[in-house]
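Work through the exercises below with the structure at hand. Each task is followed by a worked solution.

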Amino acid sequence: MVKQWIFILGTTLCTVSAAWAQEQEGPFVRKGLLKATATISPGTMLNRAVSNIYVPGELEYFLENKVSVRGDCYWYLNSQQKPDFMKQNSMIFFGALYHFSKKKSDFFLGLQPAAILAQPNMRDSSGTFYPARIDPGVSLIAGYTFYVWDYCNFYLNARYVTSRYTGTSAGTLQLDEIMFSGGLGFQLHTRKKSRPD
């Protein structure tokens with residue numbers, strides 16, 4: 001009889017402590033979270049058989065529990081095909097993301113306008129390269145983040161960006177592209193967790 005009571009008491013304590021720990025953990029994603037990443041990202045152009053390589057970095061801040069603002073910079077390295085289709089195709093994005101988070105898992109969607117420094121690897125009728133210039137673009141982004149620790153996470157991103165370069169002898173160049181990135185990210189909470197009322 002004593003063994004049964006010890007077993008019941010032990011099971012009850014374990015159950016209560018596990019429930020309390022989960023309640024204390026709560027959602028990891030909340031207002032004041034600051035995130036940063038850097039990695040290498042492949043991109044595939046949709047209007048031609050060209051694969052590009054970028055070095056992207058991001059900085060993100062949560063204004064609310066489900067809404068963040070994020071800036072991304074993609075530095076163009078080169079193309080997998082030779083000769084390169086573009087001499088330059090670096091991008092800066094800034095916009096808002098909406099998050100569907102539960103505890104340490106976070107799915108998100110977002111829209112980001114872009115400024116794109118583009119220069120095709122083409123010559124005009126005088127034999128000089130077309131100039132590098134800043135063109136507008138827009139990007140849709142979706143991704144998933146899993147927070148493995150208080151200060152680091154694993155993430156996967158998929159991005160669609162649409163832009164164009166006008167005024168070449170071949171007409172308007174559509175530069176639409178799909179990009180993927182993933183890896184290890186870092187974060188910290190800039191605000192203390194608010195206590196429930």
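**Exercise 1.** Is Asp-135 buried or exposed?

Solution. The model is a predicted one. The relative accessibility of Asp-135 is 10%. Buried means under 20%, so Asp-135 counts as buried. Next, look at its partner: Asp-135 forms a salt bridge with Arg-133, with the closest N and O atoms 3.2 Å apart. Arg-133 has a relative accessible area of 27% and is therefore partly exposed.

**Exercise 2.** Find the salt bridges of Asp-72 with Arg-70 and with Arg-159, and classify the three residues by burial.

Solution. Start with the distances. Between Arg-70 and Asp-72 the N to O distance is 3.0 Å; between Asp-72 and Arg-159 it is 3.3 Å. The latter pair links distant parts of the chain, as Asp-72 lies in strand 4 and Arg-159 in strand 8, 87 residues apart. Then take the accessibilities: Arg-70 is at 1%, Asp-72 at 4% and Arg-159 at 2%. Arg-70 is thus buried, as are Asp-72 and Arg-159. Finally, shared partners join Glu-58, Arg-70, Asp-72 and Arg-159 into one salt-bridge network. The whole structure has 6 salt bridges.

**Exercise 3.** Which residue classes make up the lining of the largest cavity?

Solution. The count is 1 cavity of 30 Å³ or more, and the largest cavity has a volume of about 50 Å³. Its lining includes Glu-58, Arg-70 and Asp-72, along with Tyr-74 and Asn-157. By class, the lining has 3 nonpolar, 5 polar and 3 charged residues. Strands 3, 4 and 8 each supply at least two of the lining residues.

Technical notes
Residues are numbered from 1 along each chain as its sequence is written. This is a predicted model: local features need pLDDT of at least 70, side-chain atom pairs count only at pLDDT 80 or more; totals for chains, interfaces and linings use all residues. Side-chain values use heavy atoms; hydrogens and water are left out. On a 1 Å grid over the protein atoms alone, a cavity is a set of points where a 1.4 Å probe fits but cannot get out, and a pocket is an open set with protein on both sides within 12 Å along at least five of seven lines; lining residues have an atom within 4 Å of a point. Grid points are joined across faces, edges and corners, and a volume is the space filled by probe spheres set on the points. Helices (H or I, at least four residues) and strands (E, at least two) are DSSP runs, numbered from the N terminus. Ala, Val, Leu, Ile, Met, Phe, Trp, Tyr, Cys and Pro count as nonpolar, Asp, Glu, Lys and Arg as charged, and the others, Gly among them, as polar. A salt bridge is a side-chain nitrogen of Lys or Arg within 4 Å of a carboxyl oxygen of Asp or Glu. Buried means under 20% relative accessible area, exposed over 50%, partly exposed in between (1.4 Å probe, protein chains only).
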